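Trainee: I am new to this structure and would like a close look at a single part of it. Could you take one helix and walk me through its surroundings?

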Amino acid sequence: MPLFRRRKAATGDPIGEFWAWWTATGAAAVATAVANQDPSSTAEELSRRVSRIHGNLDWELGPGLHAAHVLVVTAAGDPGTRAFARRWLRAAPPSDQTWEYADMRRPAPDVTIRFEGMPPVQIDAALVTIEVDTREAALHVGVHHPTFVELPEDLQKRVTFLLLDLVLGEELVETWVGAIETAVERPADAVPIAQLLPAVAQFAADHVAEDGGPSWRLMEGTTAAGHRLVATAMVPLRSVQLPHLDTHVAVSVPYKAAREDGLPLDETLSHLRDFEDHLSDRLGDSGRLLAHETADGHRILHYYVDGTTPAAAQLEAAVTGWPDGKVALDVTQDAGWEGVRHLS
């Protein structure tokens, strides 16, 4: 089913109201409409209730992986809206035989893209170029399709992104694909688009830690004053991984026992790690430490937290008692994780 969008302001608790309606009457009504091949009969009501959560959210229906149907409410690639879609999903009831739920578009490689008055776009006719960028932990992808020469430029770009979403799914695209280019002429090094999913899957597997979690990267540089700086960051560092964590809390921790280059002595480093663990334990799943930078007698801990919870206040309360001086917190709304972009 095509995506639907309706723009209205949200009031009250629209997520709670949505799920109350859905469990009471909505799920059965929409399932009946799909069974009767008349999903449009419930589209207006569904659009109205989704738009109350956020006006820029899209929704779509489709076959489920483990249930008969899936309801997808997605931010459609907008970092500023992803948190709303993820909170909607986190509040969802358990899946059953009829319905399951998702906040990102799933792969649908058998779909043919059609626009009125334009030639159909068969997915398996597309070709791609794949460039590995280990520094940015991304694959840069160029997309070519024989129909591009017949499409206006805006549709060429739209089809490019649709092809990637249909082959990989929204989450893989947003997490692992970097630069995306539309190639009207066939590139000499192009390969069938069917090779893209295994390439992305292998690249993602190479960035998974032994415990199954994300890997971490150690980086070195210099401060503006020319002093040594050491940073560690989660890889990849993209907000699509934890979209409900939309608030940046930069925790600046001073330390006194330092080496000549300004980095902490071993004993101090151990205390800093214990302090990180202390703060992280206070947050639970309401926040995550994504990176830290150490230089000139300070370590900046880059936490991202759920702005609808008291997580930021919990961090502020937890930093008291650090023996080496006052710990400073800087709290900023940051759904796109711009505060750590320089470390990605």
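Mentor: Happily! In this predicted model, the cover over the buried residues of helix H4 includes strand S4 (112-113), strand S5 (121-122) and strand S7 (138-144). Helix H5 (170-176), strand S8 (177-183) and helix H6 (196-205) are also among the elements that cover them. Which residues of H4 are buried? They are Leu155, Gln156, Val159, Thr160, Leu163, Leu164, Asp165, Leu166, Val167 and Leu168.

Now look at the helix itself. H4 takes in residues 153-168, 16 residues in all. From its first C-alpha to its last it reaches 23 Å, close to the 22 Å expected at 1.5 Å a residue. Just after H4 comes Gly169, with a positive phi near 90°.

Let us follow one of the covering strands, S7, a little further. The loop between strand S6 (127-133) and S7 holds Ala137. Phi of Ala137 is near 50°, a positive value in a residue other than glycine. That is worth a pause, because most residues other than glycine have a negative phi. Is Ala137 buried or exposed? Ala137 counts as buried because its relative accessible area is 2%, and the cut-off for buried is under 20%.

For a contrast, turn to Gln37, in the loop between helix H1 (14-35) and helix H2 (43-53). Its phi is positive too, near 55°, yet Gln37 is exposed, with a relative accessible area of 73%.

Notes:
Residues numbered from 1 in each chain as written. Predicted model: local features only at pLDDT ≥ 70, side-chain atom pairs only at ≥ 80, totals over all residues. Heavy atoms only, no water. Helix = DSSP H or I, 4+ residues; strand = E, 2+ residues; numbered from the N terminus. Expected span 1.5 Å × (residues − 1). Buried < 20%, exposed > 50% of the residue type's maximum accessible area, 1.4 Å probe, protein only. Contact = heavy atoms within 4.5 Å.
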